[in-house]
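Work through the exercises below with the structure open beside you. Try each task before you read its solution.

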Amino acid sequence: MAGKLAKTCYLIFSRKTLYAEPKGNKGIMDKTILCIGAGYVGGPTMAVIADKCPDYKVIVVDMNQARIKAWQSDKLPIYEPGLDEVVKRARGRNLFFSTDVIAGIKEAGIIFVSVNTPTKTFGEGAGRAADLQFWEKTARSIIEHADDDKIVVEKSTLPVRTAQAMHRILQSNTKGLNFEVISNPEFMAEGTAVGDLQNPDRVLIGAMETPSGQKALQRIVDIYDHWVPREKIKTTNVWSSELSKLVSNAMLAQRISSVNSISALCEKTDANILEVSSAMGMDSRIGSKFLRASIGFGGSCFKKDILNLVYLCEHYGLPEVAAYWEQVVKINDYQASRFVRNIVKRMFNTIAGKKIAIFGFAFKADTGDTRESPAIYISKMLLEERAELSIHDPEALENAAIDLADTEGKFAFESDPYKAAAGAHCIAVLTEWKQFRDLDFKKLFAVMEKPAFIFDGRNLLDHQKLFELGFNVFPLGQKSLSHL
Ligand code: NAD
Ligand code: UGA
């Protein structure tokens, strides 16, 4: 180390300080950021950091060549409102996309790791625990290719205490290098990612409670300090940060399952879930957000993060806590199958050979992402009942085709909603795309088989108006409006 300290010092100008640092300590002061993983999180997060921090160079790498090519092109690999403008402003200036992971590791002092952490499908913890193989591979590449100290930032969502394992792997390097592991989980939601990143409720940064850990933490605070008010930058110990991310997702999902469970009771009692949600939400202790009844939550994270939480609780000998959180996922599955059972029941107990128009396949509006979309499970259940599906979505048809590639049954994809509905017995609204509200339902009714049904799995449409047009309307958690 003494030899390293004697190496040439160089100056790096920061907004607040002028540092003189030895090269071995470059990671602590360097203003080149690398992000490994150019997915739904890595791409938008780094684009916003580059946009807001022109004094930093931001390199985003991924082993997926097609994805990187798309990030370098005019057609970005993900659909996210407002993202094109942000990327265009920074790309080529201080934002770069590349497949050269090794060069990135050598150049950057701060390395964000934003790789996927899906649910494990094999071995110990299969179906629950997080699969950390992608994350560990990046740690090993970092050790192999780093020539100087680095700050490694967990951007992926990880089980609590992952940082400890990571730190041990990184510190096992034989080059005498020091690595600081920071937890900086991401809270953006798809469809609103750019706004969430530009104006976050909070930025969470967790670090080891050591002098070097605290120094590294300050370097990450410095980045966000460019645009996030200081009182919204919450610093904690690294374990609290890791766990807060899992629990935040679990709490959000729990609200949805709670309200969805009550939607079933509303249908039995003539209470109206919209009124119940609104009345509950007026209590400032409850709050009005995330109380929309639906066919269930989807997305790549809620289910996997809750299952991971369940696994952790079991691992730490807390079976009652594990069972509590597992119920959130069970109610979510129940809500999707309840929706399908209702369709079959209302359509005279059979949908075999009947055409059903699926309106919306994305897991939520304003994204083309279909990962864990309830539409996948609902479509498969409808196909098992031998219905014929015509699937329409403004952004997600490519992904839908991949999701259903190995599924048996009759289904087709249709970019025109009127063609999707032609000859259909029923429309099932599965995604809350606002543009569905503006469709010409008179025209839709005219092209459909009669009696025509609408099952609104998002409570999106004007049900009274649809009823007056002649539809039999089945919302969620509300009285049905039927001519039959
Ligand atoms: P993603 O699958 O879209 O992206 C991950 C990328 O990492 C992929 O493109 C993959 O090719 C790349 N990758 C994996 N291993 C690599 C390696 N060794 N070298 C280079 N590239 C590698 O995933 P995502 O949705 O961006 O999620 C990433 C993480 O962020 C997950 O842990 C997730 O839980 C978390 N998260 C996601 C969201 C969201 O809205 N999607 C929000 C908050 C947090
Ligand atoms: C969610 C969280 O909101 C983010 O904070 C988090 O960063 C992210 O997961 C993650 O870790 O991946 P996201 O899944 O992109 O974001 O989208 P949400 O808006 O949370 O919606 C999730 C699902 O819940 C969607 O299927 C949505 O339709 C559904 N939902 C949401 C409801 O059914 N009802 C509601 O009231 C709200």
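Ala, Val, Leu, Ile, Met, Phe, Trp, Tyr, Cys and Pro count as nonpolar, Asp, Glu, Lys and Arg as charged, and the others, Gly among them, as polar. With that scheme, the shell around ligand 2 divides into eleven nonpolar, three polar and seven charged residues. The model is predicted.

**Exercise 1.** Describe the surroundings of ligand 2.

Solution.
- Step 1: find the neighbours. Ligand 2 has 21 residues around it, and F187, M188, S294, F363 and R458 come nearest.
- Step 2: ask which element gives the most. Helix α11 (residues 238-269) does, with four residues of the shell.
- Step 3: look for polar contacts; the cut-off is 3.5 Å between N or O atoms. The side chain of N249 has an N or O atom 2.8 Å from an oxygen atom of ligand 2. A backbone N or O atom of R292 lies 2.9 Å from a ligand 2 oxygen. A polar backbone atom of G298 is 2.9 Å from an oxygen atom of ligand 2.
- Step 4: check the cover. On its own, ligand 2 has 700 Å² of accessible area, and the protein covers 93% of that.

**Exercise 2.** Do the same for ligand 1.

Solution.
- Step 1: count the shell. Ligand 1 is surrounded by 25 residues, with V41, D62, R67, T117 and K304 the closest.
- Step 2: sort the shell. Eight residues are nonpolar, ten polar and seven charged.
- Step 3: list contacts to oxygen atoms of ligand 1. The side chain of R67 brings an N or O atom to 2.7 Å. For the side chain of T117 the distance is 2.6 Å. T157 uses a polar backbone atom, at 2.9 Å.
- Step 4: check the cover. The protein covers 91% of the 840 Å² that ligand 1 has accessible on its own.

**Exercise 3.** Why is strand β9 (residues 203-207) largely enclosed by the rest of the structure?

Solution.
- Step 1: apply the cut-off. Buried means under 20% relative accessible area. Five of the five residues of β9 are buried, so the strand is largely enclosed.
- Step 2: split the faces. In a regular strand, side chains alternate between the two faces of the sheet. In β9, V203, I205 and A207 are buried on one side, and L204 and G206 on the other.
- Step 3: find the partner. β9 pairs with strand β10 (residues 233-237) in the parallel sense, over five bridges. One bridge joins A207 to N237.
- Step 4: add the link. β9, helix α10 (residues 211-224) and β10 make a right-handed β-α-β unit.

Methods
Residues numbered from 1 in each chain as written. Chains lettered and ligands numbered in written order. Predicted model: local features only at pLDDT ≥ 70, side-chain atom pairs only at ≥ 80, totals over all residues. Heavy atoms only, no water. Near = heavy atom within 4 Å. Polar contact = N/O pair within 3.5 Å; in protein donor to acceptor, adjacent residues only side chain to side chain. Areas by Shrake-Rupley, 256 points an atom, 1.4 Å probe, with all protein chains shown as cover. Buried < 20%, exposed > 50% of the residue type's maximum accessible area, 1.4 Å probe, protein only. Helix = DSSP H or I, 4+ residues; strand = E, 2+ residues; numbered from the N terminus. Pairing = 2+ DSSP bridges. Right-handed = clockwise from strand over helix to strand, strands pointing away.
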